[in-house]
Amino acid sequence: MSLQAQTSLFQSLLDQPFCRPFKIHKGDTFLVQGEIANQLFLVNNCDFSVSYLTPAGKRYIVNSQRGFTGVLGEMEVFRPEGRYVFSVTALNDANGYQISRTKLLEAVAQQPEMALHFLQLVTGRYEESIGHTLSNILYTLRFNIIRVMLNKSAEANDGWFEFKTDQHAGELGATTRAFRRVVKDLVDEGVVDKKRSTYRIAKLDALKNELDAG
């Protein structure tokens, strides 16, 4: 979904008379896994983590976002009696908005352009999810860790970046033990430097060549 379409959808939802503001506080879990999806959420400049609680009671951080402005919960809210698949917890104070499922369905039925934008949003996120899953299946954990590290390094101003085990292991579908073992190998080989909980690429060409070979 294009940025223009996302912005258009976000603004059109904000303009609806049934869009209700609410204050998001740091630490609030405003989407709760397993609860019936009766609300669509809009957030503005929000940092949050996405987690999944397994039947065995183990919670995994599967994703995180910084400064996110957009829609959350759209896949579940369009399913009859849909329930939130993940929990979303705020990492900062932010402004949010809620739209009831009933009012949203009425608006979508009356506004074809809004319905189209929702279809684009849902299919875009579905394709992204499938691509992520296929990457985890088709490539080794080491390959995916190197790929994520290179992306984070490119975004870092001074070369050092945070690389949280619980979060990224969950995102890559790995156990924390296996994840730490691969990261330790990269540090021991001298291709990655570690300083407490931050990392830096030491041999960029070597890691890029390894990805190209994969």
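**Reading a fold, feature by feature**

Me: I'm starting at Glu162, which has a relative accessible area of 44% and is therefore partly exposed. Which side chain does Glu162 meet in a salt bridge?

Reply: One thing first: this is a predicted model. The general idea is that side chains of opposite charge can pair when their charged atoms come close. Here Glu162 meets Lys164, at 3.9 Å from N to O. That counts because the cut-off is 4 Å. Lys164 is partly exposed too, with 41% relative accessibility.

Me: How many salt bridges does the structure hold?

Reply: There are 7 salt bridges. Take a look at Arg142, which pairs with Glu189 at 2.8 Å between the closest N and O atoms. Arg142 sits in helix H5 (residues 141–155), while Glu189 is in the loop between helix H7 (176–188) and strand S8 (192–195), so this pair ties together parts 47 residues apart in sequence.

Me: Which other side chain meets Arg142 in a salt bridge?

Reply: That would be Glu210, with an N to O distance of 2.5 Å. Glu210 belongs to helix H8 (residues 204–213) and Arg142 to H5, so here the parts tied together are 68 residues apart in sequence. Put the pairs together and you get a salt-bridge network of Arg142, Glu189 and Glu210.

Me: And how covered are the members of that network? Is Arg142 buried, partly exposed or exposed?

Reply: Arg142 is partly exposed, at a relative accessible area of 22%. Its partners fall in that class as well: Glu189 has 41% relative accessibility, and Glu210 has a relative accessible area of 28%.

Me: On to cysteines. How many disulfides does a search of the whole structure find?

Reply: The search finds 0. The idea is to look at sulfur-to-sulfur distance, and the cut-off is 2.5 Å. For Cys19, the closest cysteine sulfur is in Cys46, 15 Å away, which is too far for a bond. Turn it around and Cys46 gives that answer again: no disulfide, with the sulfur of Cys19 as its nearest at 15 Å.

Me: Are Cys19 and Cys46 buried or exposed?

Reply: Cys19 counts as buried, at 11% relative accessibility. Cys46 is buried as well, at 0%.

Me: Now the strands. How many residues of strand S3 are buried?

Reply: The general picture first: in a regular strand, side chains alternate between the two faces of the sheet. Strand S3 runs over residues 39–53 and is mostly covered, with 11 of its 15 residues buried.

Me: Which strands does S3 pair with, and how do they run?

Reply: Let's go through the partners.
- S4 (residues 59–72) is joined to S3 by 10 bridges, running antiparallel. Leu53 stands opposite Arg59 in S4.
- S6 is joined to S3 by 6 bridges, also antiparallel. Val43 has Gly96 as its bridge partner in S6.
- S5 (residues 87–90) is joined to S3 by 4 bridges, again antiparallel. Ser51 has Ser87 standing opposite in S5.

Me: What lies between S3 and S4 in their hairpin?

Reply: A stretch of 5 residues separates the two strands. In that turn, check Gly57, which has a positive phi of about 90°.

Me: I'd like a single residue to follow in S6. Is Gln98 buried or exposed?

Reply: Gln98 lies in strand S6 (residues 94–100), and it is buried, with 18% relative accessibility. That reading holds because the cut-off for buried is under 20%.

Me: Which residues are in contact with Gln98, leaving aside its neighbours within four places in sequence?

Reply: The contacts include Phe18, Cys19, Arg20 and Phe22. Gln39, Leu40 and Phe41 are on the list too. You've already met Cys19 as a buried residue.

Me: Last feature: the surface. Which residues make the nonpolar surface patch?

Reply: For this you look for nonpolar side chains at the surface. The patch covers about 700 Å² and is built from Met75, Tyr126, Ile130, Leu134, Ile137, Leu138 and Tyr139. Helix H4 (residues 112–138) supplies the largest share, 5 residues.

Me: Where does Tyr126 lie, and is it buried or exposed?

Reply: Tyr126 lies in helix H4. It is exposed, with a relative accessible area of 52%, which passes because exposed means over 50%.

Technical notes
Residues numbered from 1 in each chain as written. Predicted model: local features only at pLDDT ≥ 70, side-chain atom pairs only at ≥ 80, totals over all residues. Heavy atoms only, no water. Patch = residues over 30% accessible without salt bridge, like charges linked within 9 Å, V, L, I, M, F, W, Y side chains within 5 Å. Areas by Shrake-Rupley, 256 points an atom, 1.4 Å probe, with all protein chains shown as cover. Buried < 20%, exposed > 50% of the residue type's maximum accessible area, 1.4 Å probe, protein only. Contact = heavy atoms within 4.5 Å. Pairing = 2+ DSSP bridges.
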